[in-house]
Amino acid sequence: MTDARLHCAVDITGAGTVTAQYGFYCDTLTKGASNYAFYSAGSTPSKFGGNVDVGGLSVGGVDATGAWTAWTPTIGSTVGAITAKSGAGRYKKIGKTVIFGCYILVTTNGTGSDYLTFTLPFPTSAASSAAAIQFPFAGFKFGGIGLAIITGPGTNIGYIRKYDGTYPVTSGDQVWVSGTYETD
């Protein structure tokens with residue numbers, strides 16, 4: 001035996017019109033505590049040829065098709081204090097993966113120096129036991145200045161410096177930051 005097809009649907013032949021043809025159709029299942037139209041036990045992979053139409057995509061029970069969520073990051077600096085600042089961001093969380101983008105405006109820098117900081121929508125994963133592991137993000141300052149953004153495991157603070165390692169902003173500067181990371 002070279003192929004074993006335990007359940008096989010074949011194409012309808014003959015004359016006449018068919019409005020819809022389903023290789024497998026399952027009514028809505030509601031009786032069980034958990035209801036699945038298809039269930040693959042263990043690590044058995046599933047393979048679909050052609051297009052897969054998903055009415056609603058859920059990863060680990062989390063809606064993966066919905067709109068992004070707005071969040072307001074808290075802006076600061078590791079040394080001194082920024083006098084006037086604001087921030088706005090949006091994120092999408094799919095399972096343990098967080099994708100984010102945010103805008104920061106430093107109206108008046110005051111005595112802020114060392115690192116510009118912002119809060120992430122969720123803490124980064126604390127699962128890593130290596131304290132040296134950092135999660136890098138991308139960013140730029142208005143005018144095309146590249147920024148380096150890092151954070152560590154188990155924190156919700158992002159640290160921003162200019163590409164050359166210096167404090168990244170002065171009064172009136174605008175910053176954009178984006179990234180993807182794992183949360184617990």
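## Pairing of strand β11

In this predicted model, strand β8, which covers residues 137–141, runs antiparallel to β11 and is joined to it by four bridges. Within this pairing, A138 stands opposite S178 of β11.

Strand β11 is also paired with β6, a strand formed by residues 97–108. These two strands run antiparallel as well, and 10 bridges join them. Here L105 of β6 faces Q174, a residue of β11, across the pairing.

## The two faces of strand β11

Strand β11 comprises residues 173–182. In a regular strand, side chains alternate between the two faces of the sheet. The covered face of β11 carries D173, V175, V177, G179 and Y181. Its uncovered face carries Q174, W176, S178, T180 and E182. Two residues named in the pairings belong to the uncovered face, namely Q174 and S178: Q174 is the partner of L105, and S178 is the partner of A138.

## The largest nonpolar core

The largest nonpolar core contains 21 residues. Those with the most contacts inside the core are F100, I104, L116, F118, I160, V175 and V177. Two or more residues are given to this core by each of the strands β6, β7 (113–119), β9 (145–150) and β11. Strand β6 supplies the largest share, with five residues.

The core also connects with the description of β11 above. V175 and V177 are among the residues with the most contacts inside the core, and both lie on the covered face of that strand.

## A buried threonine in a loop

T124 is located in the loop that links β7 and β8. Is this residue buried or exposed? T124 is buried, because its relative accessible area is 1%, and a residue counts as buried under 20%. A polar atom of the T124 side chain lies 3.0 Å from the backbone nitrogen of G154.

## The chain as a whole

The protein chain has 11 strands and zero helices. Read from the N terminus, its elements therefore follow the order β-β-β-β-β-β-β-β-β-β-β, given that helices and strands are numbered from that end.

Of the 184 residues in the protein chain, 25% count as buried. The chain exposes about 12,300 Å², of which carbon and sulfur atoms supply 55%. Among contacts with a separation of 6 or more, 62% are made by residues 24 or more positions apart.

Terms used:
Residues are numbered from 1 along each chain as its sequence is written. This is a predicted model: local features need pLDDT of at least 70, side-chain atom pairs count only at pLDDT 80 or more; totals for chains, interfaces and linings use all residues. Side-chain values use heavy atoms; hydrogens and water are left out. Buried means under 20% relative accessible area, exposed over 50%, partly exposed in between (1.4 Å probe, protein chains only). Two strands pair if DSSP finds at least two bridges between them. A nonpolar core is a set of buried Ala, Val, Leu, Ile, Met, Phe, Trp, Tyr and Cys residues joined through side-chain atoms within 4.5 Å. A polar contact is a pair of N or O atoms within 3.5 Å; within protein, one must be able to donate a hydrogen and the other to accept it, and residues adjacent in sequence count only if both atoms are side-chain atoms. Contact means heavy atoms within 4.5 Å. Accessible areas come from the Shrake-Rupley method with a 1.4 Å probe; for residues, only the protein chains shown count as cover.
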